[in-house]
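Me: I am new to this structure and would like to be led through it with a few questions. Please show it first, and then begin with the term that the opening answer will need.

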Amino acid sequence: MTTSQVKLSAILNATSLTRSIRRQKRQHSPVLQVRCYAIGGAQHESIATEFEEICKEVPQKLGAFYRFCRPHTIFGTIIGITSVSLLPMRSLDDFTMKALWGFLEALSSALCMNIYVVGLNQLYDIQIDKVNKPSLPLASGEFSVATGAVLVLTSLIMSIAIGIRSKSAPLLCALFISFFLGSAYSVDAPLLRWKRNAFLAASCILFVRAVLVQLAFFAHMQQHVLKRPLAPTKSVVFATLFMCCFSSVIALFKDIPDIDGDRHFGVESLSVRLGPERVYWLCINILLTAYGAAILAGASSTNLCQMIITVFGHGLLAFALWQRAQHCDVENKAWITSFYMFIWKLFYAEYFLIPFVQ
């Protein structure tokens with residue numbers, strides 16, 4: 001056999017083999033196609049189901065994290081630090097990128113510390129919160145204890161890391177004092193768990209919200225960011241004194257809706273000792289007195305516009321408080337909780353008025 005004949009024979013054999021394979025594929029292709037479609041459909045359905053579950057789970061987890069952060073305290077921190085940070089600003093020239101960065105360092109570190117403090121309190125109050133605040137994620141079981149611990153520890157590390165990076169002595173001082181007082185308030189250990197004592201519990205909240213926020217963050221912007229001598233202004237002094245009254249009210253009032261769980265677990269809050277109605281009216285009277293003093297402080301201003309804003313603004317807030325306070329129902333937990341949130345709204349509103357007290 002010649003070379004050409006060999007090549008021709010090989011080509012014919014290859015062609016025959018290819019046709020045979022194609023015939024086999026055509027014979028089996030319907031079955032293979034059905035199987036492929038079945039497998040592909042099952043995988044597609046499984047992926048779609050997993051995607052739907054993720055779409056449902058993500059908003060739920062974000063909502064749980066939102067409640068874990070105790071948003072009314074977060075808003076208070078944002079508004080408070082923003083207001084206090086504006087007090088050292090004398091002109092538009094002070095609003096530089098450096099000032100903005102210094103403000104963001106202070107705000108972000110304070111927010112992380114806020115989450116640490118409220119999260120730590122929830123970790124140690126799971127059984128109490130099952131009675132007082134069953135919707136919180138740790139009490140309801142939406143978050144495990146391990147998840148809560150990771151969130152708390154991560155927030156603490158982030159807060160301190162931002163403070164160290166800023167190299168601001170006032171900011172670091174504020175963060176470490178907040179860490180100590182927040183831990184002492186909640187941690188169940190010898191000489192700690194200060195929330196069991198009405199005076200110590202109120203002192204923690206008062207010192208952080210009234211003194212530390214006003215003085216430390218003012219000093220951070222004035223001294224560290226703007227590089228000016230530390231000289232307290234009338235606004236800072238007023239804010240500190242006024243917020244001492246307001247923070248005392250928040251510390252006392254927060255225990256009124258929690259009286260059942262506190263009494264059951266032996267937390268001797270003032271509401272447990274004196275009764276919710278007496279504490280309620282004590283808080284109202286403290287706030288009305290503070291508003292009266294604020295009106296007098298505003299009336300002493302030499303700037304007519306600032307005087308009108310501070311006098312009218314505080315008068316309006318005092319009137320709104322008095323009107324709503326008349327319809328009290330301290331035995332109704334939903335109502336008293338709603339009124340507590342109303343007090344936080346008054347707290348937010350005050351920070352919009354503080355810069356006008358000059």
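Reply: A salt bridge is a side-chain nitrogen of Lys or Arg within 4 Å of a carboxyl oxygen of Asp or Glu. The model shown here is a predicted one.

Me: Which residue does R196 meet in a salt bridge?
Reply: A pair counts when the nitrogen and the carboxyl oxygen lie within 4 Å, and for R196 the N to O distance is 2.9 Å. R196 is partly exposed at 36% relative accessibility, and its partner is partly exposed too, with a relative accessible area of 48%. The partner that R196 meets through its side chain is D188.

Me: How many residues apart in sequence are the parts that E142 and R67 tie together?
Reply: The side chains of E142 and R67 meet in a salt bridge, at 2.9 Å from N to O. E142 lies in the loop between α5 (137-140) and α6 (145-166), whereas R67 belongs to helix α1 (residues 3-68), so the pair ties together parts whose separation in sequence is 75 residues.

Me: Is D255, which forms a salt bridge with K254, buried or exposed?
Reply: The closest N and O atoms of K254 and D255 are 3.4 Å apart. Buried means under 20% relative accessible area, and D255 has a relative accessible area of 14%. By that cut-off, D255 is buried.

Me: How many salt bridges does a search of the whole structure find?
Reply: Besides the pairs already named, there is a network of salt bridges that links D125, R193 and K195. When the whole structure is searched, the number of salt bridges found is eight.

Me: How many helices are there in the protein?
Reply: Read along the sequence, the pattern is α-α-α-α-α-α-α-α-α-α-α-α-α-α. Strands number zero, and the count of helices is 14.

Me: Which helices do the buried residues of α12 pack against?
Reply: Helix α12 (residues 276-299) has 24 residues and reaches 35 Å from its first C-alpha to its last, close to the 34 Å expected at 1.5 Å a residue. Its buried residues include P276, Y280, L287, Y291 and G298. The elements that the buried residues of α12 pack against are α9 (234-253), α10 (259-264), α11 (270-274), α13 (304-325) and α14 (333-353).

Me: What percentage of the residues of the protein count as buried?
Reply: The protein exposes about 19300 Å², of which carbon and sulfur atoms supply 68%. Of its 358 residues, the share that counts as buried is 44%.

Definitions and conventions: Residues numbered from 1 in each chain as written. Predicted model: local features only at pLDDT ≥ 70, side-chain atom pairs only at ≥ 80, totals over all residues. Heavy atoms only, no water. Helix = DSSP H or I, 4+ residues; strand = E, 2+ residues; numbered from the N terminus. Buried < 20%, exposed > 50% of the residue type's maximum accessible area, 1.4 Å probe, protein only. Expected span 1.5 Å × (residues − 1). Contact = heavy atoms within 4.5 Å. Areas by Shrake-Rupley, 256 points an atom, 1.4 Å probe, with all protein chains shown as cover.
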